[in-house]
Amino acid sequence: MNSKGLLAGGSARERFSSPDPAPVSRLEQVRNKALELFAERGFARVSMRELALHLDIGAGSLYHHFESKENLLFELIEEVYEDLLEAALITVEGGAYNRLQALLRAHIALHERRSLHFLMAEHEFRCLSQQHQNHIQQMRRRYEERLLTRLLEAGATGHMPLLKATVQSVVALLNNLPSWLNQSGLNPTEKQEVISGIVLGSLSGVIKQPTPTGDTATIVPLRVLSASL
């Protein structure tokens, strides 16, 4: 994947790649329908048989591609953190404060495209096996470490436990807040301004505003990255 693939709508990992596009298309249909049903009815209430019925295929065909329903859920949640970790790798241009903002913008932009994936990550996590839960928790901690590094580079000060707790809170906000605002009646720009204000407010206690000799003298509101970036 090229360095702009994630922010332009690509995936951190090209799943189910094949020289024949037909199987890939069918697998994506399965994943998308599963995601839709899990979000609408809850993971526990959707069986593989029901999923197969919605797709007009045999249940055995699903097990050909996915070991289990739980494994399918794991892949959907894993994809969120793969993309977030990819974002941390590619948002590296500019000064320290700009890099911090770029990563936060990328997180918001990803939620715009993968809102149901985030819903699964936050609300169906406990449905995963212990092994898969441990794997996702490790990925989330790695992402939190990347964000903590950005904060420190941008001049964050304070005791490390406080900084770590702040990062954990910011990640939780970014994973949930866009969905909470879906029924707010705000237009997309207003919605992003609210998210920006809350996120930047949560960081104001640990990070100084950049000086004129730094990245910028003013905190710029976070905005969703356009597909052209």
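This passage walks through the fold, a helix pair, the salt bridges and a few individual residues of a predicted model.

The overall picture comes first. The chain contains nine helices and zero strands, and the order of elements along the sequence reads α-α-α-α-α-α-α-α-α. Of its 229 residues, 45% count as buried. The chain exposes about 11,600 Å², and carbon and sulfur atoms supply 52% of that area. The contacts tell something about how the chain folds back on itself: among those between residues at least 6 apart in sequence, 72% join residues at least 24 apart.

A helix pair makes a good place to look next. The axes of helix α5 (residues 96-113) and helix α8 (residues 160-180) come within 9 Å and cross at roughly 35°, and this crossing of α5 and α8 is right-handed. On the α5 side, the residues that meet the partner helix are L104, H107, I108 and H111, while α8 brings V170, V171, L174, N175, P178 and S179.

One residue from this meeting place, H107 in helix α5, deserves a closer look. Is H107 buried or exposed? H107 counts as buried because its relative accessibility is 0%, and the cut-off for buried is under 20%. Leaving aside neighbours within four places in sequence, H107 is in contact with L84, F118, Y143, V171, L174 and N175. Of these, V171, L174 and N175 are also among the α8 residues that meet α5.

Charged side chains come next. A search of the whole structure finds ten salt bridges. One of them joins the side chains of E28 and R31, with 3.5 Å from N to O. Both residues lie in helix α1 (residues 21-41), three residues apart, about one turn of the helix. Their surroundings can be told apart by accessibility: E28 counts as partly exposed because its relative accessibility is 29%, whereas R31, at 3%, counts as buried. E28 and R31 also belong to a network of salt bridges that links them with E75, E79, D83 and R114.

Helix α1 also holds the pair E36 and K33, which are three residues apart, about one turn of the helix. Their side chains meet in a salt bridge of 3.3 Å, N to O. E36 is partly exposed, with a relative accessible area of 39%.

Another salt bridge brings two helices into the story. R140 pairs with E122, and the closest N and O atoms are 3.0 Å apart. This pair links distant parts of the chain, since R140 sits in helix α7 (residues 130-153) and E122 in helix α6 (residues 115-123), 18 residues apart. E122 counts as partly exposed because its relative accessibility is 23%.

The loop between α6 and α7 holds L128. At 4% relative accessibility, L128 counts as buried. What does L128 touch, not counting residues up to four places away in sequence? The list is E70, L73, F74, I77, Q133 and I136. With F74 the separation along the chain is 54 residues, yet the C-alpha atoms of L128 and F74 are separated by 6.6 Å.

A contrasting loop residue follows helix α2 (residues 48-55), whose buried residues are M48, E50, L51, A52 and L55. Just after α2 comes D56, with a positive phi of about 60°, although D56 is not a glycine. D56 lies in the loop between α2 and α3 (59-65). Where L128 counts as buried, D56 counts as exposed, because its relative accessibility is 70% and exposed means over 50%.

The surface offers one last feature. L186, V194 and I198 form a nonpolar patch there, with about 190 Å² of accessible area together. One of these residues, I198, is found in helix α9 (residues 188-203). At 34% relative accessibility, I198 counts as partly exposed. That value fits with membership of the patch, because patches are made of residues with over 30% relative accessible area.

Key
Residues numbered from 1 in each chain as written. Predicted model: local features only at pLDDT ≥ 70, side-chain atom pairs only at ≥ 80, totals over all residues. Heavy atoms only, no water. Patch = residues over 30% accessible without salt bridge, like charges linked within 9 Å, V, L, I, M, F, W, Y side chains within 5 Å. Areas by Shrake-Rupley, 256 points an atom, 1.4 Å probe, with all protein chains shown as cover. Salt bridge = Lys/Arg side-chain N within 4 Å of Asp/Glu carboxyl O. Helix = DSSP H or I, 4+ residues; strand = E, 2+ residues; numbered from the N terminus. Buried < 20%, exposed > 50% of the residue type's maximum accessible area, 1.4 Å probe, protein only. Contact = heavy atoms within 4.5 Å. Axes fitted to C-alpha atoms, helices over the stretch in contact; angles between N-to-C directions. Left-handed = near helix turned anticlockwise from the far one by under 90°.
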